[in-house]
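Here's a walk through a protein model for anyone meeting it fresh. Have a look at the sequence and the fold, and then we'll go through the strands, the sheet and a few residues.

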Amino acid sequence: MSAEASYRRVARTALREGAIVEGERAVPEEVPVAFSYGGSTHAVMMASPADLVDFAIGFSLTEGIISTRAEIRSIEVIEAGQGFDVQVDLQDANADALRARRRHMAGPVGCGLCGIESIEQAVRVVPDLSGAEVSVDGNDIVAAVKALNGAQSLNRETRAVHGAGFYNPQGGLLAAREDVGRHNALDKLAGAVINANLSPDAGIVLVTSRLSVEMVQKTAILG
């Protein structure tokens, strides 16, 4: 899907220097996106309807359903009413592990902590990245933020979506993804990075939103 499919133009009334001005503006779409594994819905997210394959890969990775791209056999995006059903076919061992996890779910899920049973499970164990060799300075960060801003075509139209980017000091901005939801943008980026066989430990992740602990965890899980 293209950025054009992720927004619509609507009429708007604005107050400009004391005068009422009629016009139009672009607003981003936000639709239900279901992730289904083995034919069963695992979670439903409200998201911008773009880069859904990347979204499925990144969500599967950061939720611990997979650890590598090779653990997914196939992904099919199906239009379903007013949203999309993203059907993910896992390798047998991953599918069995997910079925076992589902048995402990008490009810419907739609968050980043689905299927957990205890506080200990909510506090994720993430990789130790203290040995990473990538190094950036202030100039790199300024360049990375500028590049991400330039790559946000949907935000340029709507001024209403978050962005996440993967930046390498030598190669520049290697990937960028957008979404109404900041967690979704980061999951889409994670999927794009591993789907393109980029080396996560060779770059940094930057986002346009505030950082909460689960976003730091997602980034660490990416590597």
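Let's start with a hairpin: β7 is joined to β8 through 3 residues. Keep in mind as you look around that this is a predicted model. The two strands of that hairpin run antiparallel, with 7 bridges joining β7 to β8 (residues 172-179). β7 also pairs with β9 (residues 204-207), again in the antiparallel sense, over 4 bridges. A164 is a handy residue for seeing both pairings: it stands opposite R177 in β8, and its bridge partner in β9 is V207. As for cover, β7 is mostly tucked away, with 6 of its 7 residues buried.

Now to another part of the fold, an open sheet of 4 strands. Its order is β4-β3-β6-β5, and the pairing is mixed. β4 and β5 (72-80) stand at the edges with a single partner strand each, so one side of each has no neighbour in the sheet. From one strand to the next, the twist averages 20°.

Here's how the strands of that sheet pair up:

| Strands | Sense | Bridges |
|---|---|---|
| β3 and β4 | antiparallel | 7 bridges |
| β3 and β6 | parallel | 5 bridges |
| β5 and β6 | antiparallel | 8 bridges |

You can pick out individual partners too. V31 stands opposite A47 in β4, Y37 has V88 as its bridge partner in β6, and E79 faces F84, also in β6. β5 and β6 form a hairpin of their own, with 2 residues between them, and G81 in the turn has a positive phi of about 65°. Like β7, β6 is mostly covered: 6 of its 8 residues are buried. Helix α1 lies across β3, β4, β5 and β6, and runs at about 55° to β3.

Which residues have the most contacts inside the largest nonpolar core? They are V33, F35, Y37 and L90, in a core of 33 residues. At least two core residues come from each of β3 (31-37), β4 (40-47), α1 (52-62), β6 (83-90), α2 (92-102), β7 (162-168), α6 (182-195) and α7 (213-222). As a rule, nonpolar side chains in soluble globular proteins tend to be buried together. Y37 is worth a click: leaving out residues up to four places away in sequence, Y37 touches H42, A56, F59, S60, I65, V88, L90, L98 and R102.

Next up is K188, which sits in helix α6. Is K188 buried or exposed? K188 counts as buried, because its relative accessible area is 0%, and the cut-off for buried is under 20%. Setting aside neighbours within four places in sequence, K188 is in contact with S48, A50, D51, D54, F55, R177, E178 and D179. You've already met R177, as the residue opposite A164.

Last stop: G23, in strand β2 (residues 19-28). G23 counts as partly exposed because its relative accessibility is 31%, which lies between the limits of 20% and 50%. Beyond its neighbours within four places in sequence, G23 is in contact with V10, A11 and R12. G23 and V10 are 13 residues apart along the chain, and their C-alpha atoms are separated by 8.6 Å.

Technical notes:
Residues are numbered from 1 along each chain as its sequence is written. This is a predicted model: local features need pLDDT of at least 70, side-chain atom pairs count only at pLDDT 80 or more; totals for chains, interfaces and linings use all residues. Side-chain values use heavy atoms; hydrogens and water are left out. A nonpolar core is a set of buried Ala, Val, Leu, Ile, Met, Phe, Trp, Tyr and Cys residues joined through side-chain atoms within 4.5 Å. Buried means under 20% relative accessible area, exposed over 50%, partly exposed in between (1.4 Å probe, protein chains only). Contact means heavy atoms within 4.5 Å. Two strands pair if DSSP finds at least two bridges between them. Axes are lines fitted to C-alpha atoms, for helices over the stretch in contact, and angles run from 0 to 180 degrees between N-to-C directions.
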